[in-house]
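The exercises below each set a task and then solve it step by step. Work each one on the structure before reading its solution.

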Amino acid sequence: MRDENIIMIINENNRYPTTFLSEIINTSQKCTSEKLNFTFAKCNTDPNLLINYGKTNCIGYATFATSICNYLLERQNMKRQWVATPYIAEIYFCDVNIHPFFNSSFFKDHDIVVIENLITHQKFAFDPSLNDYFGIYKIRLR
């Protein structure tokens, strides 16, 4: 995370730094939802440039949110224990893969963020574009 405008936005949304992973995820999703708008059009996905464009796809949402998470993990001296990474995933609802039911690029490949403990390998996941669209705060990994 290099852009000073993004860092300022993160700091505004995370005034009381915490080592609680849930707060780091919440800040990441909040900043992402506030600054990005979803588009199916071809767009930039570089997290350091998205603040200038504002519109991106699920790849951009995931890379932007991942950058925010990693910035906060580093700021809280948690980077040796945790790392956030964007992943390509499929969306399941009631244990059914919903991708075959839609003819939309939104459901072709879907990008999420996985935060993993580097010591225990415990993982948490969230989907910043689903959060922005549907208010789904966290997801379960299969």
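Asn77 lies in the loop between α4 and β3. The model is predicted, so local features are taken at pLDDT of at least 70 and side-chain atom pairs only at pLDDT 80 or more, while totals for chains, interfaces and linings use all residues. Residues are numbered from 1 along each chain as its sequence is written, and side-chain values use heavy atoms, with hydrogens and water left out.

**Exercise 1. The loop residues Asn77 and His121**

Task: find the sign of phi at Asn77, and state whether Asn77 is buried or exposed.

Solution. Step one is the backbone angle: phi of Asn77 is near 55°, a positive value, although the residue is not glycine. Most residues other than glycine have a negative phi. Step two is the accessibility: Asn77 has a relative accessible area of 73% and is therefore exposed (buried means under 20%, exposed over 50%, partly exposed in between, with a 1.4 Å probe and protein chains only). Step three is a second residue to check: His121, also not a glycine, has a positive phi of about 70°. His121 sits in the loop between β6 (110-117) and β7.

**Exercise 2. The fold along the chain**

Task: count the helices and strands and write their order.

Solution. Helices (H or I, at least four residues) and strands (E, at least two) are DSSP runs, numbered from the N terminus. Counting gives 5 helices and 7 strands. Along the sequence they follow the pattern α-α-β-α-β-α-β-β-β-β-β-α. For the chain as a whole, 47% of its 142 residues count as buried.

**Exercise 3. Helices α4 and α2**

Task: compare the end-to-end length of α4 with its expected span, then do the same for α2.

Solution. The expected span of a helix is 1.5 Å times one less than its number of residues. Helix α4 covers residues 58-75, which is 18 residues, and reaches 26 Å from its first C-alpha to its last, close to the expected 26 Å. Helix α2 covers residues 21-35, which is 15 residues, and reaches 21 Å, close to the expected 21 Å.

Next, look at the ends and the cover of α4. Its N-terminal end is capped by Asn57, with a side-chain oxygen 3.0 Å from the backbone nitrogen of Ile59. After the helix comes Asn77, with its positive phi. Of the 18 residues of α4, 15 are buried, and the helix is mostly covered. In α2, the buried residues include Leu21, Ile24, Ile25 and Cys31.

**Exercise 4. Aromatic pairs**

Task: how many aromatic pairs are there, and which geometry does the pair of Phe38 and Phe40 have?

Solution. Rings of Phe, Tyr and Trp (its six-membered ring) pair if their centres lie within 6.5 Å; planes under 30 degrees apart count as stacked, over 60 as edge-to-face and the rest as tilted. By this rule there are 3 aromatic pairs. The ring centres of Phe38 and Phe40 are 5.0 Å apart and the planes stand at 80°, so the pair is edge-to-face. Trp82 and Phe124 form a tilted pair, with 6.0 Å between centres and 40° between planes. This pair links distant parts of the chain: Trp82 is in strand β3 (residues 82-89) and Phe124 in strand β7 (residues 123-126), 42 residues apart.

Then add the accessibilities. Trp82 is buried because its relative accessible area is 8%, whereas Phe124, at 33%, is partly exposed. Phe38 is buried at 14%. Phe38, Phe40 and Tyr61 form one aromatic cluster.

**Exercise 5. Contacts across the sequence**

Task: give the C-alpha separations of Trp82 from Asn70 and from Gln122.

Solution. Trp82 and Asn70 are 12 residues apart along the chain, and their C-alpha atoms are separated by 8.4 Å. Gln122 and Trp82 are 40 residues apart in sequence and 9.4 Å apart, C-alpha to C-alpha. Gln122 belongs to the loop between β6 and β7 and is partly exposed at 39% relative accessibility. As a further case, Asn131 in helix α5 is 99 residues from Thr32 along the chain, with 9.5 Å between the C-alpha atoms. Asn131 is buried, at 15% relative accessibility.

Technical notes: Polar contact = N/O pair within 3.5 Å; in protein donor to acceptor, adjacent residues only side chain to side chain.
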